[in-house]
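Open the model in your viewer and keep the selection tool ready. The tour starts at the ligand, moves out to the whole chain, and ends at single residues.

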Amino acid sequence: TNLNLQEIQDTLISVAHEAGRMMLAANPADIDTGTKLNSADIVTETDKAVEALVSSRLTAAYPTFAFVGEETYKPGLQITATPTFIVDPIDGTTNFVHGFPSACISLGLAVDRTPAVGVVYNPWQDTLYSATRGHGAFVTVGANWGLEAGKGRKTKLPLAKSPVPLTGLDRSLVSIEWGSQRDGVNYEVKTEVFKKLCATKENGGAMVHSLRSMGSAALNLCAVAAGQLDLYWEGGCWAWDVCAGWCILSEAGGIMASGNPGSWEPELDSRKYLAVRPAPSGQKEIVEEFWRVIGDGRME
Ligand code: LIP
């Protein structure tokens, strides 16, 4: 298939801006909030309304493409080789509900089960990340009001850190997430790994510079793509959390390995990921170092 990925990206960007205005207009204090897996797995009326808007816009523009969205996903649904929009209407719903300004809309297109277009937009910070396969990754600051006022600036992702080799975990800022699973195998593996990452090494040094959680997989991936974080590790998130950010990460020169030791080519829906920032060297070595910290633990 000969797809015009740039045109698809433009459509996703305009949908992202429309969705962003909806999110800014919603008052999280007033919206009906429900839960899914447990009390930490929050969904709001805004998540559902944004997904309905996005799905109607994208289905009208690209009727032959498949659509997978967080709020309409049914267990068992498979992502196939067909061009598929993979959408999280609000990634970082917990932050959204609390008014913590780290949440976004994540709009991805997968072709042959591989991320081909990614648009991630945080309307609170008016920051838009975008990428299409083979054409690089960009960040636009002041994307909404700025462009409307003729003042937007669109620049290549700030890869200021990319000339800096990765020299090891002990010089790294590492993003981790609890996710909403608070028991079971993933909980056990995560608590063990988090504990090791916070520890002192035999030589008296620290294992990592520090740990962060942006509360949104998509924003974690964009921060890694921009070189603001060195690594991001999570198990339990879904294809809609990572599809768009993965495209942005790869196009910026970062890599995505499996969150379980062993695989350099994780599947889009494998639900366990380890992202590494762009760097001229040290990417493979830091993945192997992180995998050694995980040791025998394996997430589901
Ligand atoms: C959330 C993520 C977050 C992750 C959670 C959850 P939601 O997405 O992006 O980083 O830890 O597992 O998937 O529910 O806010 O769309």
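From which domains does the shell around the ligand draw at least three residues each? Domain 1 (5-156) and domain 2 (169-294) both meet that count; the domain bounds come from an automatic or database domain assignment.

Before selecting anything, note that this is a predicted model: local features need pLDDT of at least 70, side-chain atom pairs count only at pLDDT 80 or more, and totals for chains, interfaces and linings use all residues. Residues are numbered from 1 along each chain as its sequence is written.

**The ligand.** Select the ligand and the 16 residues that surround it. A residue belongs here if its C-beta atom, placed from the backbone, lies within 6 Å of the molecule. The closest are Thr93, Glu177, Gly179, Ala217 and Cys237. Colour the shell by class to find 3 nonpolar, 7 polar and 6 charged residues. Here Ala, Val, Leu, Ile, Met, Phe, Trp, Tyr, Cys and Pro count as nonpolar, Asp, Glu, Lys and Arg as charged, and the others, Gly among them, as polar. Next select strand E4 (residues 84-91), which gives the most to this shell, with 3 residues.

**The whole chain.** Zoom out and show the cartoon: the protein chain has 8 helices and 14 strands. Helices (H or I, at least four residues) and strands (E, at least two) are DSSP runs, numbered from the N terminus. The radius of gyration, taken over C-alpha atoms, is 18 Å, close to the 19 Å that the globule rule gives for 300 residues, so the chain is as compact as a globular protein of that length. That rule is 2.2 Å times the number of residues to the power 0.38. Buried residues make up 42% of the 300.

**Two arginines.** Select arginine 113, in the loop between strand E5 (104-111) and strand E6 (114-122). Its phi is near 65°, a positive value in a residue other than glycine. Then go to arginine 271, in the loop between strand E13 (255-258) and strand E14 (272-276), where phi is also positive, about 70°.

Which of the labels buried, exposed or partly exposed fits a residue depends on other C-beta atoms within 10 Å of its own: 20 or more means buried, 12 or fewer exposed, and in between partly exposed, with C-beta atoms placed from the backbone. Arginine 113 is partly exposed because it has 16; arginine 271 is buried because it has 21.

**Last stop.** Select threonine 59 in helix H2 (residues 45-61). Threonine 59 is partly exposed, with 14 other C-beta atoms within 10 Å.
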